[in-house]
Amino acid sequence: MAESKTKAQARCPECDSWVTLKDGVKLWELVVCPTCDTELEVIGLAPFTLDYAEGDYYDEDEDYDDEDEDYDDEDYEEDEGF
Ligand SMILES: [Zn+2]
């Protein structure tokens, strides 16, 4: 067996199967899992790690429209009102 060179492979976070990466694959490169068709991106090279590509697309600036969480802070007023 002359195959000392390891192929670039990473686990798909969706279906847990091995995805073979291209030679010279770069960080943040997009790959599609051939098994479950999920779009993934390379988030690590040593070892090769894949994560969902969509996870990087949330824009933090426009995500603050749910500030009106109705946690009941009325319970705390009783504590401070001595
Ligand atoms: Zn998959």
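1. Let's start with a loop. Glu-14 sits in the stretch between strand S1 (9-11) and strand S2 (18-20). Keep in mind as you look around that this is a predicted model. Is Glu-14 buried, exposed or partly exposed? It counts as partly exposed, because 16 other C-beta atoms lie within 10 Å, while a buried residue would need 20 or more and an exposed one would have 12 or fewer.

2. Which residues does Glu-14 touch, if you skip those up to four places away in sequence? They are Cys-33, Cys-36 and Thr-38. There is also a longer jump to try in the viewer: Glu-14 and Leu-50 are 36 residues apart in sequence, yet their C-alpha atoms are 9.7 Å apart in space.

3. Stay in that loop for a moment and find Asp-16, which also lies between S1 and S2. Its phi is positive, about 70 degrees, although Asp-16 is not a glycine. Asp-16 counts as exposed because it has 10 C-beta neighbours inside 10 Å, and the cut-off for exposed is 12 or fewer.

4. Now zoom out. The chain has one helix and five strands. What order do they come in from the N terminus? The run is β-β-β-β-β-α, with the helix at the end. Of the 82 residues in the chain, 9% are buried. Among contacts with a separation of 6 or more, 22% are between residues 24 or more positions apart.

5. Next, the sheet. Three strands form an open sheet in the order S3-S4-S5, with antiparallel pairing. Strand S3 (30-32) and S5 stand at the edges with a single partner strand each, so one side of each has no neighbour in the sheet. From one strand to the next, the twist averages 45 degrees. As a general reminder, strands of a sheet pair through backbone hydrogen bonds, and they can do that in a parallel or an antiparallel way.

6. Take the S3 and S4 pair. Three bridges join these antiparallel strands, and Val-32 stands opposite Glu-39 in S4. The two strands make a hairpin with six residues between them, and in this hairpin Asp-37 takes a positive phi near 70 degrees.

7. Asp-37 deserves its own look. You'll find it in the loop between S3 and S4, and like the aspartate in point 3 it is not a glycine despite that positive phi. Is Asp-37 buried or exposed? Asp-37 is exposed, because 9 other C-beta atoms lie within 10 Å and exposed means 12 or fewer.

8. On to the other pair. How many bridges join strand S4 (residues 39-45) to strand S5 (residues 48-52)? There are five, and the strands run antiparallel. You can trace the pairing by its partners: Leu-40 is bridged to Tyr-52 in S5, and Leu-45 is bridged to Phe-48 in S5.

9. S4 and S5 form a hairpin with two residues between them. Pro-47 is found in this loop. A cis peptide bond joins Ala-46 and Pro-47, with omega at about 0 degrees. Click on that bond and check the angle for yourself.

10. Last, the core. Which residues make up the largest nonpolar core? There are seven in all: Ala-10, Cys-12, Val-19, Cys-33, Leu-40, Val-42 and Leu-50. In soluble globular proteins, nonpolar side chains tend to be buried together.

11. Cys-33 is a good place to end, as a member of that core. Leaving out residues up to four places away in sequence, Cys-33 touches Cys-12, Glu-14, Cys-15, Val-19, Thr-38 and Leu-40. That list brings us back to Glu-14, the loop residue from the opening point, whose own contacts include Cys-33.

Notes. Residues numbered from 1 in each chain as written. Predicted model: local features only at pLDDT ≥ 70, side-chain atom pairs only at ≥ 80, totals over all residues. Helix = DSSP H or I, 4+ residues; strand = E, 2+ residues; numbered from the N terminus. Contact = placed C-beta atoms within 7 Å. Pairing = 2+ DSSP bridges. Axes fitted to C-alpha atoms, helices over the stretch in contact; angles between N-to-C directions. Core = buried A, V, L, I, M, F, W, Y, C linked by C-beta atoms within 7 Å.
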